[in-house]
Amino acid sequence: MSIDAVPARSVDYNRVFAQAIDRLHEEGRYRVFIDILRNKGQFPNARCFAGHNGPKPITVWCSNDYLAMGQHPAVIAAMEEALHDVGAGSGGTRNIGGNTHYHIDLETELADLHDKEAALLFTSGYVSNEATLSTIARILPGCIIFSDELNHASMIAGIRHSGCEKRVFRHNDLAHLEQLLAAEDPSVPKLIAFESVYSMDGDVAPIHAICDLADKYNALTYLDEVHAVGMYGARGGGISERDDAASRLTIVEGTLGKAFGVMGGYIAADRTVIDVIRSYAPGFIFTTSLSPVLVAGALASVRHLKGSTAEREGQQAAAATLKTLFADAGLPVMDTTTHIVPLMVGDPVKAKRISDILLREYGVYVQPINYPTVPRGTERLRFTPGPAHDTAMMRELTAALVEIWGRLELRKAA
């Protein structure tokens, strides 16, 4: 460089990063992670360490451990047994030392749960969606993915990383989906990707009707059941089991971190599809496999919920009771047919303030749900009552919310 040249102005990296965080604060959607510990065997009771001299007792209302299986004695015992049997970690990827007998047993149980030939474990539901959708579309030359507009971020990421064309159909809108399918060349590979239970609105996909369109237009189907496995169906196979639709689906994806109470994700499909994902998906091939301790716990949970309906029935009863209490109190509870109980606020700052008051003054923990998880203007509090939330807890929660709604002069339900 010439000694007379003006040096380029250096980038102030810290300023750029700080401005990015400042924008989130200004929009009222900066996320705060609450510092808690659950009390073993006493869920939904927990201890909160945030802003206190010592731990403060709280009640958790927003856990995705819907059935409290993370606290179940059989699950804990299985994990302890595995820990003392084989140690902590898996030792490697599935290809190099990390393919334990626990993994094989769990995949067999999950394939059976969804009436499929085989299953494949991943480290999370996000990874299973991203890895499977991106891989399957790359394998199919010219594939077009038809995606429900409310699909989870992990599905969107998988579709984006596949590099294939996509068509987004309006949420649960069969006419729009068919319009998009009919507009494409019949010879082009097609995949319809959708969820069974949409976790923020609590509504359900018309699985059979979507499968009918898939049959008509020769499309594959990919169903995300993460908020439904363990929760619905005679054995906890999800909405697809409840509606007797599992055999019609090409791929069913689920999680082990919600109703099953542990950690991990998976897909279930026929053996060839599973072999393709196992052999081609970088997100599977190059990742250390789940710890056998976690797999043992998930295996115990899946087996238990295949034979027990008490947890599902208790959870559904709790959700129905809370919806009724909210509605009777004039709170703006969203109408859902599932275990999700969303309370509409419509403003990120107010949603955060309600959450803060509940935690600080009432010992109630529920996290505000803001953009980009939900569209702007639809910010909400999302309650997930479980079988251990009793009626007294629900009445106390409802009374607290009524008081806060009045204090902040928020609009009640029409």
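How many cavities of 30 Å³ or more does a search of the whole structure find? The search finds 1. The model is predicted.

Start with that enclosed space. The largest cavity has a volume of about 80 Å³. Its lining includes Arg94, His103, Leu121, Phe122 and Thr123. Val127 belongs to the lining as well, and so do Gly283 and Phe284. Thr287, Thr288, Ser289 and Leu290 complete the list. Two elements each supply at least two of these residues: strand 4, residues 118–122, and helix 10, residues 282–285. By class, the cavity lining holds 5 nonpolar, 6 polar and 1 charged residues.

Now turn to the open spaces. The largest pocket has a volume of about 1300 Å³. It is lined by 48 residues, and those closest to its centre are Arg31, His152, Ser199, Met200 and Thr373. Helix 4 (125–139) and helix 5 (153–162) each give at least two residues to this lining. Strand 13 (368–369) and strand 14 (380–383) do likewise. The class count for the largest pocket is 21 nonpolar, 17 polar and 10 charged.

The second largest pocket holds about 360 Å³ of space. Its lining has 15 residues. Nearest its centre lie Arg94, Asn99, Glu107, Leu120 and Arg278. Arg94 also appears in the lining of the largest cavity. Helix 3 (101–113) and helix 9 (271–280) each supply at least two residues to this pocket, as do strand 4 and helix 10. Strand 4 and helix 10 are also the elements named for the cavity lining. The lining of the second largest pocket divides into 7 nonpolar, 4 polar and 4 charged residues.

Next comes helix packing. Two packed helices are described by the angle between their axes and the distance between the axes. Take helix 4 and helix 9. Their axes lie 10 Å apart, at an angle of about 105 degrees. Angles of 65 to 115 degrees count as roughly perpendicular, so helix 4 is roughly perpendicular to helix 9. On the helix 4 side, the contact uses Thr132, Thr135, Ile136, Arg138 and Ile139. Helix 9 brings Val273, Val276, Ile277 and Tyr280. Of these contact residues, 6 are nonpolar, 2 polar and 1 charged. Helix 4 also helps line the largest pocket, while helix 9 helps line the second largest pocket.

Which way do helix 12 and helix 14 cross, left-handed or right-handed? Their crossing is right-handed. Helix 12 spans residues 310–328, and helix 14 spans residues 391–407. The two axes come within 10 Å and cross at roughly 30 degrees. Angles under 35 degrees count as roughly parallel, so helix 12 is roughly parallel to helix 14. Ala318, Thr321, Leu322, Leu325 and Phe326 represent helix 12 in the contact. They meet Met394, Arg395, Leu397, Thr398 and Leu401 of helix 14. This contact has 7 nonpolar, 2 polar and 1 charged residues.

A further pair is helix 2 (residues 73–86) and helix 11 (residues 292–307). Their axes come within 8 Å and cross at roughly 150 degrees. This crossing, too, is right-handed. Helix 2 contributes Ala74, Val75, Ala78, Met79, Ala82, Leu83 and Val86. Helix 11 contributes Pro292, Val293, Leu294, Ala296, Gly297, Ala300 and Ser301. The class count is 12 nonpolar and 2 polar, with no charged residues.

Finally, look at the backbone. The peptide bond from phenylalanine 43 to proline 44 is cis, with omega near 15 degrees. Proline 44 sits in the loop between strand 1 (36–38) and strand 2 (45–48). Another cis peptide bond runs from tyrosine 371 to proline 372, with omega near 10 degrees. Proline 372 lies in the loop between strand 13 and strand 14. Those two strands each supply at least two residues to the lining of the largest pocket.

Where is aspartate 115 placed? It is in the loop between helix 3 and strand 4. Aspartate 115 has a positive phi of about 60 degrees, although it is not a glycine. Helix 3 and strand 4, which flank that loop, each help line the second largest pocket.

Methods
Residues are numbered from 1 along each chain as its sequence is written. This is a predicted model: local features need pLDDT of at least 70, side-chain atom pairs count only at pLDDT 80 or more; totals for chains, interfaces and linings use all residues. Side-chain values use heavy atoms; hydrogens and water are left out. On a 1 Å grid over the protein atoms alone, a cavity is a set of points where a 1.4 Å probe fits but cannot get out, and a pocket is an open set with protein on both sides within 12 Å along at least five of seven lines; lining residues have an atom within 4 Å of a point. Grid points are joined across faces, edges and corners, and a volume is the space filled by probe spheres set on the points. Helices (H or I, at least four residues) and strands (E, at least two) are DSSP runs, numbered from the N terminus. Ala, Val, Leu, Ile, Met, Phe, Trp, Tyr, Cys and Pro count as nonpolar, Asp, Glu, Lys and Arg as charged, and the others, Gly among them, as polar. Axes are lines fitted to C-alpha atoms, for helices over the stretch in contact, and angles run from 0 to 180 degrees between N-to-C directions. Angles under 35 degrees count as roughly parallel, over 145 as roughly antiparallel, 65 to 115 as roughly perpendicular and the rest as oblique. A crossing is left-handed if the near helix is turned anticlockwise from the far one by less than a right angle, and right-handed if clockwise. Contact means heavy atoms within 4.5 Å.
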